[in-house]
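Please read the following paragraphs with the model open beside them. They go from one helix to its surroundings, and then on to the ligand and the domains.

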Amino acid sequence: MSDKALRLGTRRSKLAMAQSGQVADAVSQVTGRSVELVEITTYGDVSREALAQIGGTGVFVTALRDALLRGEVDFAVHSLKDLPTTQPDELVLAAVPEREDPRDVIVARDALKFTDLPRGARVGTGSPRRMAQLNGYARTHGLDIETVPIRGNVDTRIGYVRSGELDAVVLAAAGLNRIGRSDEVTDFLSVDTVLPAPGQGALAIECTADNADLVAALAELDDPFTRAAVTAERSLLAALEAGCSAPVGALADLLADGQTVKEMRLRGVVGTTDGQTLVQLSTTGPVPETHEGAVALGRELATEMLALGAAGLMGERAH
Ligand SMILES: NCc1[nH]cc(CCC(=O)O)c1CC(=O)O
């Protein structure tokens, strides 16, 4: 490989810059080359209004992928949970590094824990997945909360709590950790209460398929267990024919017997945003050793969830 600096395409947001910076350091280590950050401004970054209209985070991924395909950058880093389940032929997921904390957390006023929120507490989240599970938990545990749809970056969302407009907001632990704001967390939501988004807490490092030297070098940053887990989670999402904004939670983890890893467990949930109806199932199987094996685990769980009426709970098939 040449010793020219590698160009890493990144969004300008605090979270994107933080995770790109961390990956840049790791890539420098394995390639011995310096890495230069190239900021890509997307339509969604320029106009909040535009983002609301276009809907979701797909626009960010698309802009980075376009820069890769045009040869303007050599690789890009995405939050895996924002990545569409379809992979363009010209691009490869060269590495999925070891996953961060996959849990959702709340940032609440007065250091409140989720279960200590008072009657009528207003909890902000724009995610149908979070709404469905929080409302579902509240219904079955005698909590009286109101989920309030909000948008915006981490600072904006925490701002709703600071200003007193909301009692709490829900965020991903990984995002707060990566930007050095984990001290804002007032409670971690157990994955038994709220299953995270498929791929939450994991990063995806993507480059063009024809860049064989770079594909090989980036592979050193891949964590096979994380890759198998997120592949199973995303396969479930794809097989449910749900998009990144659907009320679908999924988490694959390893079941160990002492020190010996025995099996992979995949849990999934789909529900209505009011939490009235939730389909939650899990399946276990041997730890997948191939991509196809991980995909099969996700499909298997999707088939069982669909048999219980999961499709009818997803509303319009948003993407
Ligand atoms: N929806 C936006 C988004 N995409 C990735 C993260 C950070 C966590 C991660 O990498 O999974 C966040 C913020 C959040 O959900 O709080």
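On the face of H1 that is turned away from its buried side, this predicted model places the exposed residues Asp25 and Gln29. The buried residues of this helix are Ala16, Gln19, Ser20, Val23 and Val27, and because the arc they cover around the axis is only 100°, they are on the same side of H1. An α-helix has 3.6 residues a turn, so residues three or four places apart point the same way. The helix itself takes in residues 14-31, which makes 18 residues, and from its first C-alpha to its last it reaches 25 Å, close to the 26 Å expected at 1.5 Å a residue. After H1 comes Gly32, a residue whose phi is positive, near 70°.

Against what do the buried residues of H1 pack? Their partners are the strands S1 (6-10), S2 (35-39), S3 (75-79) and S10 (203-208), together with H7 and helix H8 (212-218).

Helix H8 is also where Leu218 is found. Leu218 counts as buried because it has 26 C-beta neighbours inside 10 Å, where 20 or more are needed for that class. Leaving aside residues up to four places away in sequence, Leu218 touches Val27, Phe75, Ala94, Ala95, Ile205 and Cys207, and Val27 is itself one of the buried residues of H1. Between Leu218 and Val38, which are 180 residues apart along the chain, the C-alpha atoms are separated by 18 Å.

A second helix can be read in a similar way. Helix H4 holds the 12 residues 58-69, which should span 16 Å at 1.5 Å a residue, and its end C-alpha atoms are indeed 16 Å apart, so the two values agree. Buried in H4 are Phe60, Val61, Leu64, Arg65 and Leu68, and since they cover an arc of only 130° around the axis, they are on the same side of H4. The helix is followed by Gly71, whose phi is positive, near 75°.

The next step is to see how the chain is divided and where the ligand lies. The protein chain has a domain 1 made of 6-97 + 202-222, a domain 2 made of 104-188 and a domain 3 made of 230-307. Why does the ligand lie between two of the domains? Domain 1 and domain 2 both give residues to the shell around the ligand, so it lies between them. This shell consists of 10 residues, of which the closest are Ser79, Leu171, Ala172, Gly175 and Gln200. Strand S8 (168-172) and helix H7 (173-178) each supply at least two residues of the shell, and by class the shell has 3 nonpolar, 5 polar and 2 charged residues.

Domain 2 also touches domain 3, and the C-alpha centres of these two domains lie 25 Å apart. Their contact takes 10 residues from domain 2 and 12 residues from domain 3, and on the side of domain 2 that touches domain 3 there are 5 nonpolar, 3 polar and 2 charged residues.

The last residue to look at is Glu300, whose place is in helix H10 (residues 291-307). Glu300 is partly exposed because 17 other C-beta atoms lie within 10 Å, a count that falls between the limits of 12 or fewer for exposed and 20 or more for buried. From Glu300 to Asp167, which are 133 residues apart in sequence, the separation in space is 39 Å, C-alpha to C-alpha.

Notes:
Residues numbered from 1 in each chain as written. Predicted model: local features only at pLDDT ≥ 70, side-chain atom pairs only at ≥ 80, totals over all residues. Helix = DSSP H or I, 4+ residues; strand = E, 2+ residues; numbered from the N terminus. Expected span 1.5 Å × (residues − 1). Arc of directions from axis to C-beta. Near = placed C-beta within 6 Å. Nonpolar A, V, L, I, M, F, W, Y, C, P; charged D, E, K, R; others polar. Domains from an automatic or database assignment. Contact = placed C-beta atoms within 7 Å.
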